Amino acid sequence: SRVPDRGEVCSAITSKYSEFLPSAQSAEELVSQVDGLSGSIELLRAGIEEQVQRDLNVAVAEFTELKQQLERDTLVLSILKKLQEFDTAIKEYNTALLEKKYVVAAQQLEKARSSLKMLESRKGFELKILKALGTELTVQTQNMLYHLGEEWQKLAVWKLPPSKESSSLESVMHSELHLCTLPSKEEEIAGPPVASVLQAFAVLGELRTKLKIFGQLLLKYILKPLISYPSLQPFTEELSDVVILRFRCEDPNLDHSSPVEVFDKIKFILESLPLELLGKWKECRVTLAELLGDMIWEELSDCLIQNCLVNSIPTNSSKLEQYIEVIKSTEEFEKALKNMQFLKGDTTDLLKYARNVNSHFANKKCQDVIVAARNLMTSEIHNTVKITPDSCVALPKLPDPGSGDHLKMQKTSKQLPKEMVNLENETKLSQYTFSLPTCRISSSVEKLMELAYQTLLEATASTDQCCIQLFYSVRNIFQLFYDVVPTYHKENLQKLPQLAAIHHNNCMYIAHHLLTMGHQFRYRLTNILCDGAATFVDLVPGFRRLGMECFLAQMRVQKGEILERLSSARNFSNMDDEENYSAANKAIRQVLHQLKRLGKVWQDVLPVNIYCKAMGTLLNTALSEIVTRIAALEDISAEDADRLYSLCRIMVEEGPQVFTPLPEEDKNKKYQEEVPVYVQKWMTFKELMIILQANLQEIVDQWADGKGPLAAEFSPAEVKSLIRALFQNTERRAAALAKIK
């Protein structure tokens, strides 16, 4: 093909350009027109929006103003409506009050109160009239309560004894409650007066307050006296328009009422009250009986428990089975109260207490035991009884043990061949070997021990828990004795030797029984105690120590008095002086008088062996002091020696006479002859008397080169000192002194 030349190309381009140029120019013109039109449209839109926004703001402002105006009008309208309701309620209240339609009047008052509360809740809309309305409502409410109170006083009239005399039986007899009788059927159309008043109180919220006052009066003057005074019997007397509830006294000698009788009396009282009235009112959710029960039942129940059921708890385990009747009567009593709607809910504390009789029996028994024991402990010690080896506590025969090692041992021994059973020694101990020696103890302690045995015997016939409580109550008796008696009788035990001796015997008597008391009952108590817990042996050392310390303290007092009296003997020196001799003689007489007095007050009180040891110890104290004082003298003239001998002879002659452990004089000679056994310094004292009357040779003979009776009582130094005091310094004295070594 042929290639176009340059000229042809140029002419073709020029032709195409001339055709395109007009189209481009027209397009540019069109664009400029569109831009102008777009600006116009934007201006028009802006104008329209500005005008619409201006009109919209005006409309919104007008709408808001109209809305606020509507709200104000609505609020004013509601307030005016509430004010109208308040005014209407007050008017209707006044009308109902004049017609004695108390329920309607009370309801209108509550409507007025509701309207006023609504008005007062409007924030930002306070009216000065509201304060006046509140005052008016308060005045009308009080006026209503006054009228209701007047009606209430006519419906329930109390005639009470003077307040100072309200606690005696005679004053309780004057208590009366006058109750208005129910209206006739014709009168019920307008509403029963009693029900109307009560319902009006309920509407006003004052019923609980009125019932609380009524309930407290009912408790104080009707219900509690019925529980406290068994002789009171309630009865009603019906007149034309009133029922009178009052008391009469049937048997003033009764100590306690049975729970059955008390329950019947209380049911009679509650049935006499118009407790069903409020229940007829449909708007009341609770009955009058429920309200009254909620207010007084707890206090009434406590009074029944403390003053009725407590007294009915048996004091003997054999009577526990009879207590089932009390439990049944309590159940029936509560059931009757629930039927009256006086009670609601589950079992009360009253029935729980009655059903828990075993625990209460144990607690009461333990309390009675401790109280009886303490009364015995605080009684006079000097009222005594004589205890001999043949004496025993008055205890009923115990039943044979049903189980235990003792029974097994008996069965085992029965199975052994005869030739193997008799293994005991032919020589037997006396039946009195382990007996308490003859002495006197307080009669209260004997009764205390009988109480302990009787309580343990009671424990053997009781339940396991009661058995344990009674067992430990017996232990508490002895622990209480340990703490109470030494403190309560402290002054007398310190001042009176006889009481100290009796207390010593009491403690030893108790300790003697404690040794075997646990063993006696071991296999008759509950299994828990049979494993070794039923013992009193641990108390034995304490009681022995208690008695011993008291008596030793009295012994120290008596020793002190003896030494104090002998201190006035002027050291037994210069007996040739009448004044000195008289003082020494007086001291000796006073000591003997003291010992004789002690011998009398301890006579037939202390066991003979304890008596002899005690008197021997005190006499030994006096003799030892005299020996010490005389042996310490540096110079004894012949006249002094004679007078000292005469004083010592008084002690030797009259000293044994203080040993009178038994009331029978002829039986005391045996113990008076055994004085050297109980008085350690008796032979020393007699050897001193020999020295005071002997010459040098006789003294040397008594010494016998350290083998004689004198050497057994005095040391060489003491004998030499006496020789130097009695004899002048001569060759014979020197020779005698040389032999004392």
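**Figure 1. Helix 6, its length and its kink.** Helix 6 covers residues 207-228, where helices are DSSP runs of H or I with at least four residues, strands are E runs of at least two, and both are numbered from the N terminus. At 1.5 Å a residue, its 22 residues should span 32 Å, and the end C-alpha atoms are 29 Å apart, which agrees; the expected span is 1.5 Å times one less than the number of residues. This is a predicted model, in which local features need pLDDT of at least 70, side-chain atom pairs count only at pLDDT 80 or more, and totals for chains, interfaces and linings use all residues. Residues are numbered from 1 along each chain as its sequence is written, and side-chain values use heavy atoms, with hydrogens and water left out. Look for the kink of about 45° centred on Leu 219 (the bend is the angle between axes fitted to the seven residues ending at a residue and the seven starting there). Leu 219 is also among the buried residues of the helix, as are Phe 214 and Tyr 221 (buried: under 20% relative accessible area with a 1.4 Å probe, protein chains only).

**Figure 2. An open sheet of four strands.** The strand order is 1-2-4-3, and the pairing is antiparallel; two strands pair if DSSP finds at least two bridges between them. Strands 1 and 3 (232-238) sit at the edges with a single partner strand each, so one side of each has no neighbour in the sheet. Helix 6 packs on this sheet and touches strands 1, 2, 3 and 4 (242-249) (contact: heavy atoms within 4.5 Å).

**Figure 3. A closer look at strand 1.** In a regular strand, side chains alternate between the two faces of the sheet. Here, Ala 156 and Trp 158 point to one face and are buried, while Val 157 and Lys 159 point to the other and are not. Four bridges tie strand 1 to strand 2 (residues 176-180), its antiparallel neighbour. Lys 159 stands opposite Glu 176 of strand 2.

How values were computed. Buried means under 20% relative accessible area, exposed over 50%, partly exposed in between (1.4 Å probe, protein chains only). Axes are lines fitted to C-alpha atoms, for helices over the stretch in contact, and angles run from 0 to 180 degrees between N-to-C directions.
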